[in-house]
There are 2 protein chains.
Amino acid sequence: MYTKKIEEDLDCGIRVAAKMFGGKWKCCILDAINRGINRPADIGRYITDASARVIEMQLAELLFFGAIEKCAEEGFPKRTEYRLTSLGESILPILEQMDRWGLTHSEFIKERQRELESAEL
Amino acid sequence: MYTKKIEEDLDCGIRVAAKMFGGKWKCCILDAINRGINRPADIGRYITDASARVIEMQLAELLFFGAIEKCAEEGFPKRTEYRLTSLGESILPILEQMDRWGLTHSEFIKERQRELESAEL
DNA sequence: ACAATAACCGAAAAAAGATTCGGTAAGCAT
DNA sequence: ATGCTTACCGAATCTTTTTTCGGTTATTGT
C-alpha cells in the first residue's frame, strides 16, 4: 500500500472517513458486499466499470482498515468471501445519505456539467 | 476547470455527491463558510494547510455547481463574500455525520496507519 | 513613488490515484 | 497436455488532483 509524501491530518473526522471509504470504488464495494455479493470475482462482475486490479487493491485497504473481513477456504476453487465487520456496517447509513443527496440533485448537477462541457469545446 | 477523459457516471448518487463536495478541501471550505468565515483570504487563514490557489479553484467549483453564492462589491479592497445556498446547506448534515464517524474511529484508524508506516520503512 | 493587500488566473510540476498488462499458483474439465 | 477459472501481486503507464510559482488589477496607507 502506497505511503503519502504529504502528511495527512487524521485529526479531522472527515479526512478519516475519506481514508476509509473515499476511494473511487470503495463505496460500491461496500454496497456490493452488503447486498451479499461477497466474492472478488462476483464483485468484479457486479461493478463492470472497475478493473479487477482496483477491486483487489481496494478490498485490501478495506480489509486492512477493518471495514471488511476475509473468510478464505484453502482448497479449490479458492473460495474467498468478504463480509462487512461492524465497523463496515456503521458506514452504510452515511453511504445511504450521500446516495440520497446525490440522486435528489443529480439532474441539477448533470445540467451544470453539460453546460461546462459545451463551454469547453 | 479540468475536463475528464474517462467519463463519470452521474447516475450513481454517491458519485454526484463526490463531485459536489469530494475535493480535498471542499468540506473544510463549506464548514468555514458555515461558521461565518466567508471571504477568500479569511478562509485561507482558517485552513492553513491548503494553498490559496486550491481554495480559489474549489470555491469556483462550489460556486459553479451551486453550493455557494458570491457577493462581490466592486470598489476596494474588493470585498468578496461567499455564502451557502440552500443547496449548500443541505450538504451540512452529511458533513456532520462523516465528521462524527471519523472522530469516533480516528484512534483506531490512526493506529492502523502507524502500523502501515512502520511496516513500510 | 512604493509597499501592502485582496481577489484571481495560467501553467508547470509534483503527488496521488486508477488502469492496464503480465505474471503466479492451484485445481478442474476436456 | 491445454485451456479454464479463482485469487492475487508487481510494475509501468496514464489520468486526475493538488501544489507551487509567477503573474494581473485596483486601492489604500506611508
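Let's start at one small spot in chain B: right after helix α2(B) comes B:Gly36, a residue with a positive phi, near 95 degrees. Keep in mind that this is a predicted model. The helix just before that glycine, α2 of chain B, spans residues 26–34 and is mostly covered, with seven of its nine residues buried. Those buried residues are B:Lys26, B:Cys27, B:Cys28, B:Ile29, B:Leu30, B:Ala32 and B:Ile33.

Now step back and look at a whole chain. Chain A has six helices and two strands. Follow the sequence from start to end and you'll meet them in the order α-α-α-α-β-β-α-α. The C-alpha trace of chain A spans about 55 × 35 × 30 Å along its principal axes. Of the 121 residues in chain A, 26% are buried. If you take the contacts in chain A between residues at least 6 apart in sequence, 46% of them join residues at least 24 apart.

How confident is the predictor here? Chain A has a mean pLDDT of 91, and 95% of its residues reach 70 or more. In chain A, strand β1 (residues 68–72) has the lowest confidence, with a mean of 91, while helix α5 (residues 86–89) has the highest, at 97.

Two residues of chain A make a nice contrast. Take A:Asp11, which sits in the segment before α1 of chain A. Is A:Asp11 buried or exposed? A residue counts as exposed if 12 or fewer other C-beta atoms lie within 10 Å of its own. A:Asp11 has 11 such neighbours within 10 Å, so it is exposed. Pair A:Asp11 with A:Glu81 and you get 70 residues of separation in sequence and 33 Å in space, C-alpha to C-alpha.

A:Met20 is the other one, and it lies in helix α1 of chain A. For a residue to be called buried, 20 or more other C-beta atoms must lie within 10 Å of its own. A:Met20 has 25 of them within 10 Å, and that is why it is buried. From A:Met20 to A:Gly88 there are 68 residues in sequence, yet their C-alpha atoms are 9.3 Å apart in space. And which residues does A:Met20 touch, leaving out those up to four places away in sequence? They are A:Phe65, A:Ala67, A:Ile91 and, across in the other chain, B:Ile109.

That last contact takes us to the place where the two chains meet. There, 37 residues of chain A are in contact with 36 residues of chain B. On the chain A side, the elements that give two or more residues are α1 (13–21) and α6 (92–119). Helix α6(A) gives the most, with 18 residues. Sorted by class, this side of chain A has 18 nonpolar, nine polar and 10 charged residues.

How do the two copies sit relative to each other? Chain A can be laid on chain B with an RMSD of 0.1 Å by turning it 180 degrees and shifting it 0.0 Å along the axis. The two copies are therefore related as by a two-fold rotation axis. To find that axis from chain A, look for A:Ile94: its C-alpha is the nearest one in the chain, 3.6 Å from the axis. Finally, 97% of the interface residues of chain A are interface residues in chain B too, so the copies meet through the same surface.

How values were computed: Residues are numbered from 1 along each chain as its sequence is written. Chains are lettered from A and ligands numbered from 1 in the order in which they are written. This is a predicted model: local features need pLDDT of at least 70, side-chain atom pairs count only at pLDDT 80 or more; totals for chains, interfaces and linings use all residues. Two residues are in contact if their C-beta atoms, placed from the backbone, lie within 7 Å. Helices (H or I, at least four residues) and strands (E, at least two) are DSSP runs, numbered from the N terminus. Ala, Val, Leu, Ile, Met, Phe, Trp, Tyr, Cys and Pro count as nonpolar, Asp, Glu, Lys and Arg as charged, and the others, Gly among them, as polar. Copies are superposed by least squares on the C-alpha atoms of residues with pLDDT of at least 70 in both. pLDDT is the predictor's confidence in each residue, from 0 to 100.
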